[in-house]
Each structure stands twice: as structure tokens, then as C-alpha cells.
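I opened this notebook to keep track of what I looked up in the structure, entry by entry. I begin with one strand and work outward from there.

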Amino acid sequence: MDNITRESPVLMLPGVGKARASQLERLGIKTVNDLVYFFPRAYECRGNVRQLSRFEPDIPGSFLLTVATEVHSSNIRRGLTISKFRAFDDSGSAEIVFFNCPFIKDVFHVGAVFRFFGKPVLSKNKLQLQNPRYEAYVEGIPLPDYVPIYHLTVGITSKQIEKLVRAAIEAVLPSLTDPLPEDVRLKYNLPSLSYAVMNAHFPDSDEALKKSLARLAFDEMLTFALGISISRERRRLFDGIPFSPCSLTPLTEKLPYELTGSQKSVINDIYRDTVLAKDGRLSPMTRIIVGDVGSGKTVCATAAIYIAARSGYQTALMVPTEILARQHYQDMRGLLSELGIRTELLIGATTQKEKKRIMSLLESGEVDLVIGTHALISDKVSFKNLGLVVTDEQHRFGVGERARLKDKSQNAHMLVMSATPIPRTLALAMYGDLDVSRITEMPKGRERVDTFVVNEGYRARLNDFIKKQVALGGQCYIVCPSIEPGEDGAEAVVPNSLASLVNTRSLNLKNALEYTEELRLALPTLKIETLHGRMRSSEKDEIMARFICGECNVLVSTTVIEVGVNVPNASLMIVENAERFGLSQLHQLRGRVGRGKRKSYCVLVSDSTSERAVARLEAMRTTYDGYEIAEKDLALRGPGDFFSTNSNDNIRQSGGFEFKFASICDDATLFESAFAAAKDIVSRDPALSLDENKGLREELLRMTGINTSLIS
């Protein structure tokens, strides 16, 4: 395999034909490098072998057993074969049971020793292991303590992917170049990239896995921080567009409510940034508005759009989903048209004919505001005089994506909205290139959403409460942690932490597809729909439209509804397996209800008895201030939650930065080190032009699209 490189197609690996390559492509794997960086989604901890007498029911464990009987197979019914044999250790014996695996008669023979991994169950007072994982044991040849578990697709097993990953690593690891400068690596006591890659797939020990995941998390955070720092350096090369002084009274007089003090303060910040030049020079505004869901960030952005239009400049408002784009369009178009400001909507679903019309109007300057998704960053979209870029960063667009929209007018001002209240310590780092305006008040008349924590024992009462809310005219959201069965479910996996590597117990995870069917049986008179991120955009829009207009009573969803539209009629939010979510994420979900005049409630369902989970949910139950919750989240969970991505929901909207390892980081020191390193690197080499930073420059371009050659 000497001629195989990182860029080689997977077809060059032994055992990979066209059919296998097609299966791998469905997982996003096309090259050898894709395989090397296709890291496990979890690890089965099989190294802690125990005796059968020390089994814990329904908790996965490892057992070193000798086969005592030959395999006996029988057909229970058509399409179902059961195969059984007995195996023992010094403390006792167990029945090993496999379903629809007749081939195992050729695997297990009397006297052979295997390591079995699975959940022990008692069936008619007999100890059984059902469909366990197994590995042949040969004395003197150690078996791995941790076995990687990979995301799969039809036709390929985790074992097969593991074999291909080993082949890919063997081929390219000797020539793998580490992009991290050696002095930075040594300063922060990080392992080499080769060590991290190998042990992130096949860890030698707990410590090796923790060190490797920490290194990979550091790399992600460093790249993100470099993107922020480089973006700041680029903006210093340009003067901002001076907007004309104007009165905002025509806008505020048309609002059906009075602005809060926080909103007025934010609008004043925007006005000073764009109209009042300091020392005769105006730098482009780079401001983020941070505030809870429903705190009124959009009206502040509307004020900025109004100032830009009155000054003769256009605005681009980019949001992560078509659903949200349509909501902004519907909310803003009527108000702004009364003020003589023309608004258009440009999204992926816009017809080609309509796109051409809108793009022509943008180029001629006849459109003042265009609202859209990633369609706005298309090379075909150009503006006559773009003066303001607004992004709604509910799930954070990538820094490169923001930059590509900003590149359509280097002098344009930038305004970002975020519904994730961020602790000041994180805000200074994550948004170091942005001035921060914080909305700390909720609009007048907004009632608090009462929050409760219950366990599975409350299920019948919870269903009754759903029926009651619907009978009163309300609607209900139910959020599940996964889409379908088998996702992050039955295995003992490494938990969401770089510091804690222990066996974990499955807590009957709810998945959206199965739970929808359960609810339809339990609540047959209600109209119940499912929404998740794997659906086509048009399908999601149709379901949300039915929910908005009240045709749907209950919406069972994954966290994709965090960026959903405003539904004032929604009065109940239920979060299943709430211990699986970060506090800030739970707070955002809670903010999806209580948007109208109805008294609203949030119910967090969890059977977890862990001290940490109980403390976090109690903090959620008793705390309603988003910033206080964010501080508690940082203290209880670490900074990883603020980088979270949900692969089940494809939250990585339109090319945003995807965090795989930073999202499980609970080490605030590592986070601070990455941002400190980025600041130091950019201060010495703003364009990353030195040879020692070549690898970082290439990684930044690959991950964010930011080209440092534009800085000089």
C-alpha cells in the first residue's frame, strides 16, 4: 500500500470494491483520509471482565467464558431461528442465546474460550446473554479494553468499518503531517496527531483515549478561534460605511408594543456603530445581540435594517433554515413595506424564475432587504450597495460562511443574533471578533413558563395533561433525543465527557419515530405529527405549517425545533430523557412555548438518578434567567455544550463549522488554552504565512473556507 495517500479513493484499499465504496460514500467516506477521520461515535468498554456471579441485570458487562455445550438451533416460528448453548466460568454458567444467527454453530465449540459482551437478563430464573458481542480469546494475546462503535449504513457492520479504518491508518499514518506547531503542542502538553488519531480509534487505555480526544477537541477549538481572529484582522483593512443620521420614530410608532430598556440600549449601540464615527473613521460594525428566545432581538435587527435603508443601502438577512427565513419574511415585510422598504425572500425552494427576478432586483438596487438561507452566499447573488449583513446564529453559521456573505461588500456592517445566552468568560473568546450587546429583559406581559421535573412513573398523568392542554386550545411540543431506535441506545458507551470513561446504563431513550406511534395509540383523538432533521426541507415546512395553523395538536420532534418558527398557541413543552441535553439547550427549548397569551409549561422527563443529572435538572427547574443558566451550565458541564452539534438532526446547517470533539469537552482550561494559542499565533503571524503555520492555514481553509492570503 505504498502508493496510497490521504487523497486516494477508498477503492485503492484492499477489499474495497464498487459496492463497498458505494456503502462508504453513504457515510460521507470517499477518500482514505475520510476513513482516517471517521471517528467512532462511542466505545464499548469491554476491558472490565467480571465473573458471572457478579452480573448486574440489564447493565452491559464483559465475561470470559468457556463453551460448555454445542450449539442447538430451532425454528420458533417462520422467519425466527433461535440458537442456544451454555458457557461457564469459575463462578457459574449462563445460557448464550442468538436470534436468527444459525451460522454460530460453526463459531462456538465445546472448550473454546470467548469474551462475551452484553446485558445479562434473567429468563425463568435462568441467567442469559442474548445476542452478545463476542471475541475469541487466546491465552497470552490481550484483547482490547475499548472497542470502537461506528455510525453505520445498510450493508456494512461496525467490525467491517473498523477493519477498513485500520488499513487506512496503516497506509497513511507514517506520512501524516501534524498541522499544530511543535512549540504550541509542547506548551499545552498535547500528544502528537498520529498518537491522537490512533488512540481515538483504538485506545490503549482510559488515559490514552482522554488525551487523544482532548487533542482533537483542541484542534477544533483552535481552528474555530483562528477563524475568529483572522476575521477580525481582515476587517481592520477596511473602513465602514457611514450611515446617515435619521430618526427611528417612524419605525417605533408602528410597533404594537413599547420597546424594553434592553432593546433601546441595543439599538443605541447599533446607531453609534454605524452612524457616529469615532475620530473621523468608522470601522465596520461587528456586533452580536445575545438574548433569550423571545426577548426581542429581531426588532433590534429591524431597526438596523431601517437605518441602512434610510441611508440608501441594502441589507442581507441570513438564517439557518427555510422555516425561519419564511417567518422573518412574514414578520418584517408588512411593517417595512409601510415604511417604503422593499423586502424579498430567497431560499433553496424559490423557483429558478423567481430567483432570477430577485437577483436582478438586488443587482439594480431595487430591493432594500433580502431574507434567505445559504442561497444568499451563492456566487450568482450580487448587490448594488450592500451595507448591512445580519445573521441569525441560533445554531451558529460557520465563520467561513459568515465571511463569504460579508465578502459581497467588505465595508458592510455585520450584525449577528444569538438565542444562546453565553457566560461572559465564553463570550469574550467565542465572539472575540464581535462587540456584544445583551438583552436582559423580556417583553412586558410575557408570563414565566413553569417548569417541572418528573420520571417515567408520571407517564399516564403526563398524557392526561397533554389532552387537557389541547382541550383548552393549546398545542404541545415533545422533544426526543434521537430519531429512530438503535441510536445511542443499548451499548455501554463513553459518556459525553473527556474526563469520565465508565460504563453507562441505557435509560430507555425515547426516539421520535417510535414514540409518535406510542402516543397515537395512547391519545387516539389527537392529531400527532413527527418532525426531524433527516426530512426534506419541503416536508419539514409542510409539517410546521400544519402545526402553526393548528391542524396538528402535538409535534414530536428532535431538537430541530430549536430553530423553528414562532407558534404563540404552543403551551406545553415536554423534553424526554432531559438529562441528555445541556442546560442552555433545555432553556432554548423551553423558550419555544409561552410566546402567546396562554399560560405555558415545560416538563422535563428523566429517570436518571445520577447526582450530576439531578443537580442540573434542579437548576433548570428553579432558574429562569438565561445568563444564570449559562453560568451554571459552564460550571456543571464545561464549555462543550456551547459547541454542541446534533448529528441526528443534521444541525450543521448549510456548511457551518461542525464540532465533533469540542462538543464533548468538559475542560474549560483546554478551551481557554486553544483561544489563547490562537490569539498568540495570529498576533505573530496574521496571515499564517510562516512555514510553521502552513498546516494551520490549510486546515483553516478546509474547515471554514477562510483564505488567509487575503490578509496582507
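Before the first entry I noted the cut-off that the reading rests on: a residue counts as buried when its relative accessible area is under 20%. I also noted that the model is a predicted one.

**Entry 1: strand β12**

I looked up β12, residues 314-318, and found it mostly covered, with 5 of its 5 residues buried. I then asked which residues of β12 point one way and which the other. Gln314, Ala316 and Met318 point to one side, Thr315 and Leu317 to the other, and all are buried.

For the neighbours of β12, I found that the strand pairs in the parallel sense with β15 (residues 386-392) over 5 bridges, and that it is joined by 4 bridges to β14 (residues 369-372), which also runs parallel to it. Leu317 has Val390 as its bridge partner in β15, while in β14 it stands opposite Ile371. Met318, for its part, stands opposite Gly372 in β14.

**Entry 2: the sheet that holds β12**

I traced the strand order next and read β13-β14-β12-β15-β16-β11-β17, an open sheet of 7 strands with parallel pairing. At its edges stand β13 (343-346) and β17 (435-439), and because each has a single partner strand, one side of each is left without a neighbour in the sheet. From one strand to the next the twist averages 20°.

I also looked for a helix packed on this sheet, and noted α8 (residues 261-274), which lies across β11 (286-291), β16 (413-418) and β17 and runs at about 160° to β17.

**Entry 3: a sheet of 6 strands**

I turned to another open sheet, of 6 strands with parallel pairing, whose order is β18-β23-β22-β19-β21-β20. Which strands stand at its edges? They are β18 (450-454) and β20 (528-531), each with a single partner strand, so that one side of each lacks a neighbour in the sheet. The twist here averages 20° from one strand to the next.

I followed the edge strand β18 to its partner and found that it pairs with β23 (residues 601-605) in the parallel sense over 5 bridges, with Tyr601 of β23 as the bridge partner of Asp450.

Two helices went into this entry as well. Helix α15 (residues 512-522) lies across β19 (475-479), β20 and β21 (554-557), and runs at about 175° to β20. Helix α17 (residues 583-590) lies across β18, β19, β22 (570-575) and β23, and runs at about 155° to β22.

**Entry 4: Ile543**

I picked out Ile543, which lies in helix α16 (residues 537-548), and asked whether it is buried or exposed. Ile543 has a relative accessible area of 4% and is therefore buried. Leaving aside residues up to four places away in sequence, I found that Ile543 touches Glu529, Thr530, Leu531, Met535 and Leu555. The C-alpha atoms of Ile543 and Thr530 are separated by 7.9 Å, with the two residues 13 apart along the chain.

**Entry 5: two positive phi values**

I recalled that most residues other than glycine have a negative phi. Against that background I noted Asn131, whose phi is positive, near 50°, and which lies in the loop between β8 (126-130) and β9 (133-136). Its relative accessibility is 36%, so Asn131 counts as partly exposed.

I noted Leu688 too, which has a positive phi of about 50° although it is not a glycine. Leu688 sits in the loop between α20 (668-684) and α21 (694-704), and with a relative accessible area of 0% it is buried.

**Entry 6: the second largest pocket**

I looked up the second largest pocket and noted a volume of about 1000 Å³. It is lined by 34 residues, of which Tyr257, Gly296, Thr298, Asn566 and Arg595 are the closest to its centre. The elements that give two or more residues to this lining are α9 (297-310) and α10 (322-337), and α10 gives the most, with 6 residues.

**Entry 7: the protein as a whole**

I closed with the totals. The secondary structure comes to 21 helices and 23 strands, and 56% of the 712 residues count as buried. Among contacts with a separation of 6 or more, 73% are between residues 24 or more positions apart. The protein exposes about 31000 Å², of which carbon and sulfur atoms supply 50%.

Note on methods: Residues numbered from 1 in each chain as written. Predicted model: local features only at pLDDT ≥ 70, side-chain atom pairs only at ≥ 80, totals over all residues. Heavy atoms only, no water. Buried < 20%, exposed > 50% of the residue type's maximum accessible area, 1.4 Å probe, protein only. Contact = heavy atoms within 4.5 Å. Areas by Shrake-Rupley, 256 points an atom, 1.4 Å probe, with all protein chains shown as cover. Pairing = 2+ DSSP bridges. Axes fitted to C-alpha atoms, helices over the stretch in contact; angles between N-to-C directions. 1 Å grid on protein atoms, 1.4 Å probe; cavity = no way out; pocket = protein on both sides within 12 Å on 5 of 7 lines; lining within 4 Å. Points joined across faces, edges and corners; volume = space filled by probe spheres on them.
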